[in-house]
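I opened the notebook today to look a few things up in this model and jot down what turned up. The entries follow the order in which I went through them.

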Amino acid sequence: MRRTFGRLAAHQLDREADRLVVEALMAAAPGPCGLLMKAGHDAGLDHVDAVDRASTCFLAFSAFNLSDDLSDGDCTYLPPAQAPTVVLMLESLFTSALCELRLPSEAHAKVMRDRLAAEEAQVLEVTTSSWTAARLRHVTQGIAGRQWAAYLRIMWAGTPLDHLVTRVALEFGRVGLLADDIRSDDPRFFTLSALDRRSVLEEALDGVRTLESVGVPVAQAIAAEFLPTIAEELAKVSASLDADTSDAPRAARRASIALVPTPPTESPREPST
């Protein structure tokens with residue numbers, strides 16, 4: 001955070017503009033900074049370089065966080081008229097900081113494509129009224145996976161871990177966002193059919209295994225954090241589906257019995273005379 005505020009101060013913005021940007025940064029804090037620093041150290045960056053890269057990512061994260069809060073009606077920390085302009089200011093601060101890092105030019109282009117995909121997915125999220133497994137996969141890959149791909153490209157560009165960016169980021173996005181949805185009872189997940197929930201959870205569990213297998217400490221830490229939530233929810237959904245399946249034959253038998261016509265009851269005969 002100190003490096004981020006230092007970058008902001010260097011631009012010598014108007015006092016009120018500076019105050020509004022600080023409010024947005026504080027609302028987003030601490031964001032992903034801790035994981036990003038771990039990612040930088042895993043890649044062999046020295047502390048100063050890791051801080052520079054992580055603080056750059058935090059500016060991008062703050063812009064996305066403010067945009068998301070505006071979409072959800074959760075932006076209570078900025079005046080409505082000024083908030084969209086603060087998003088633009090954060091975007092400009094991020095772009096300026098990214099250029100200062102002097103990363104390989106191809107990394108810049110990939111970062112911007114990843115961020116565009118994340119922003120596209122945010123549009124899809126707020127316009128979706130009915131969720132399916134396929135829709136959730138697409139949105140999750142964008143708002144979480146591609147957003148994290150942008151951050152890890154910045155942290156790992158020019159390092160031995162550069163080739164793992166896409167693999168780690170997309171699985172982290174899938175696992176992390178789903179775990180957050182479960183913990184917060186988000187309708188995005190809980191309005192899915194039980195079969196769709198199980199499918200999504202099984203894919204997320206595969207994602208955990210992938211993160212465990214890449215041999216990078218930050219990926220393994222992510223897997224360890226979210227595995228219990230994913231595994232517990234999968235067990236619940238599977239148990240519910242199994243119970244429904246075992247009840248189906250009994251229900252079918254009850255239905256077939258109900259359809260068997262009942263023989264008519266004979267009226268008592270009058271005694272013969």
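**Entry 1: two helices that cross.** I am working with a predicted model. I began with helix α3 (residues 33-42) and helix α4 (residues 47-72), whose axes come within 9 Å and cross at roughly 140°. That angle makes α3 oblique to α4, since only angles over 145 degrees count as roughly antiparallel. I also looked up the hand: α3 passes α4 in a right-handed crossing.

Which residues meet where α3 touches α4? From α3 I noted C33, L36, M37, G40 and H41. Across from them, α4 brings H47, A50, V51, A54, C57 and F58. Sorted by class, this contact of α3 with α4 has eight nonpolar residues, three polar ones and no charged ones.

**Entry 2: F58 again.** Having met F58 in the contact with α3, I followed its ring. A search of the whole structure gives five aromatic pairs. In one of them, the rings of F58 and F61 have centres 6.4 Å apart and planes at 25°, so I put the pair down as stacked; the cut-off for stacking is under 30 degrees. Both F58 and F61 sit in helix α4, three residues apart, which is about one turn of the helix.

Is F58 buried or exposed? F58 has 0% relative accessibility, so I count F58 as buried.

I then turned to the aromatic cluster: W148, Y151, F172 and F226 form one together.

**Entry 3: backbone oddities in the loops.** Next I went through the loops for unusual backbone geometry. The peptide bond from A29 to P30 is cis, with omega near 0°. P30 belongs to the loop between α2 (15-28) and α3, and α3 is the helix I had just paired with α4.

Then came positive phi values. Q12 has a positive phi of about 50°, although Q12 is not a glycine. I found Q12 in the loop between α1 (2-10) and α2. Its relative accessible area is 71%, so Q12 is exposed.

R102 is also a residue other than glycine with a positive phi, here near 55°. R102 lies in the loop between α5 (83-101) and α6 (105-127). With a relative accessible area of 73%, R102 is exposed.

**Entry 4: S130 and a partner along the chain.** Where does S130 lie? I placed S130 in the loop between α6 and α7 (133-156). S130 has a relative accessible area of 56% and therefore counts as exposed, the threshold being over 50%. I also checked S130 against R188: the two are 58 residues apart along the chain, and their C-alpha atoms are separated by 8.4 Å.

**Entry 5: the whole chain.** I kept the overview for the end. How many helices and strands are there in the chain? I count eleven helices and zero strands. Read along the sequence, the pattern is α-α-α-α-α-α-α-α-α-α-α.

Of the 273 residues of the chain, 44% count as buried, and F58 from Entry 2 counts as buried too. Last, I looked up contacts between residues at least 6 apart in sequence: 72% of these join residues at least 24 apart.

Technical notes: Residues are numbered from 1 along each chain as its sequence is written. This is a predicted model: local features need pLDDT of at least 70, side-chain atom pairs count only at pLDDT 80 or more; totals for chains, interfaces and linings use all residues. Side-chain values use heavy atoms; hydrogens and water are left out. Axes are lines fitted to C-alpha atoms, for helices over the stretch in contact, and angles run from 0 to 180 degrees between N-to-C directions. Helices (H or I, at least four residues) and strands (E, at least two) are DSSP runs, numbered from the N terminus. Angles under 35 degrees count as roughly parallel, over 145 as roughly antiparallel, 65 to 115 as roughly perpendicular and the rest as oblique. A crossing is left-handed if the near helix is turned anticlockwise from the far one by less than a right angle, and right-handed if clockwise. Contact means heavy atoms within 4.5 Å. Ala, Val, Leu, Ile, Met, Phe, Trp, Tyr, Cys and Pro count as nonpolar, Asp, Glu, Lys and Arg as charged, and the others, Gly among them, as polar. Buried means under 20% relative accessible area, exposed over 50%, partly exposed in between (1.4 Å probe, protein chains only). Rings of Phe, Tyr and Trp (its six-membered ring) pair if their centres lie within 6.5 Å; planes under 30 degrees apart count as stacked, over 60 as edge-to-face and the rest as tilted.
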